[in-house]
Amino acid sequence: MSANRFAADRGEAVLEVDRLDVRFGKRHVLRHLELEIGRSEVFGLLGPNGAGKTTLIRAICGRVRPASGDIRIVGQSNRDRHTLHHIGLVPQEIALYMHLTARENLDVFGALSGLSRSERRQAIAWAAHATRLDERLEERVDIFSGGWKRRVNIAAAILHQPDLLILDEPTVGVDVDARNELHEVIRDLSAGGMAVLLATHDLDQAEALCSRVGFLRGGVIGPQGAPRHLIDLAFQGGKEVMLELRRPPEAEGRAALAEAGFMPSHNTTIWTTLGMVIDETLTGLSARLESLGSPVREIRVREPGLDSLFLHLARNEAGPDR
Ligand SMILES: Nc1ncnc2c1ncn2[C@@H]1O[C@H](COP(=O)(O)OP(=O)(O)OP(=O)(O)O)[C@@H](O)[C@H]1O
């Protein structure tokens, strides 16, 4: 099997989600949601807990019935069960038979997806190579670390060479080295032509890996685009200035920070602002915070990242014109 079987169709839409509405009783979780992912694209689906990422994935995989809207994979409606064959899903929970070897696990998953014995042999060789699992195929998976178990999970999901690979939080519980190796595996698969949908809370991961990202909030994905483009659009080249305080500020300290343009982050001791901050402002502010019992521990200036954008969007959402 060629790792590059899709290369000729690069750019073609693999996943098209059109005006998708999903409700659970009175809860309207997805509202007229639009999404398109092309071949060789890695799309990062970001959003706070409970935003509906897993619900969207389940709807794409035909496991949640939408109230309205259409989902097509390689141009075919996902209401047709055959279409689901074009999807490979790596769920959030590791789902393996722990007492079996990696090869035996893949053999079971291959049989479940309808591959014959000889197809399975070929498919396992291809998937193990693609996930760099070859050297440990004959070992039992219960001795594997989180990163290696994930590789087996990904290999199981791609045995049938899906056009769309969906990964739900693939690097939770995985150490940094293993995470980087999983990134390489995902990059190679997308370079071979798969469209990849990656749901993640890990904004560094999304920035490093995704050609496009989208923020799922209020039932829609908006904004979406290349990470750098979205960041530049929001911050127009401004730097992010971050103050870390030794103690959370009281009301007067918070007022002083707000007056100087600083906003709180998720952590009560970290306050950020965008754009130029004049030295005198910082000196005056530091002295004031010290006198109010919340001295500055550290000042950092950096390029805004996706995490800054996430915070920015959350602030706007919480703002008065919501
Ligand atoms: N089967 C269901 N019945 C009722 N409500 C549901 C069901 N599945 C999900 N929900 C609700 O829909 C909302 C979206 O949940 P979902 O799990 O899709 O969010 P998420 O973005 O994946 O969150 P997380 O990042 O925490 O996994 C939540 O409020 C959840 O409680």
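This report describes the ligand site, one buried asparagine and two strand pairings in a predicted model.

## Basis of the model

Residues are numbered from 1 along each chain as its sequence is written, and side-chain values use heavy atoms, with hydrogens and water left out. Because the model is predicted, local features need pLDDT of at least 70 and side-chain atom pairs count only at pLDDT 80 or more, while totals for chains, interfaces and linings use all residues.

## The shell around the ligand

The residues around the ligand (those with a heavy atom within 4 Å of it) include Phe24, Val29, Pro48, Lys53 and His201. By class, this shell has 4 nonpolar, 6 polar and 2 charged residues. Here Ala, Val, Leu, Ile, Met, Phe, Trp, Tyr, Cys and Pro count as nonpolar, Asp, Glu, Lys and Arg as charged, and the others, Gly among them, as polar.

Polar contacts are pairs of N or O atoms within 3.5 Å; within protein, one atom must be able to donate a hydrogen and the other to accept it, and residues adjacent in sequence count only if both atoms are side-chain atoms. The side chain of arginine 27 has an N or O atom 3.3 Å from an oxygen atom of the ligand. Alanine 51 places a backbone N or O atom 3.1 Å from a ligand oxygen, and for a polar side-chain atom of threonine 55 the distance to a ligand oxygen is 2.5 Å. On its own the ligand has 630 Å² of accessible area (Shrake-Rupley method, 1.4 Å probe; for residues, only the protein chains shown count as cover), and the protein covers 62% of that area.

Two or more residues of the shell come from strand E2 (27–38) and from helix H1 (53–60). H1 gives the most, with 3 residues. Helices (H or I, at least four residues) and strands (E, at least two) are DSSP runs, numbered from the N terminus.

## Strand pairing

Strands pair if DSSP finds at least two bridges between them. Strand E1 (residues 13–24) runs antiparallel to E2, joined by 8 bridges. Across this pair, leucine 15 stands opposite isoleucine 37 of E2. The hairpin has 2 residues between the strands, and glycine 25 takes a positive phi near 60 degrees there.

E1 also pairs with strand E4 (residues 68–73), in the antiparallel sense, over 5 bridges. Aspartate 18 has aspartate 70 in E4 as its bridge partner.

## Asparagine 78

Asparagine 78 sits in the loop between strand E5 (76–77) and strand E6 (87–90). Its relative accessibility is 10%, so asparagine 78 counts as buried. Buried means under 20% relative accessible area, exposed over 50%, and partly exposed in between (1.4 Å probe, protein chains only). Leaving aside neighbours within four places in sequence, the contacts of asparagine 78 (heavy atoms within 4.5 Å) include Ala59, Ile60, Ile71 and Leu84.
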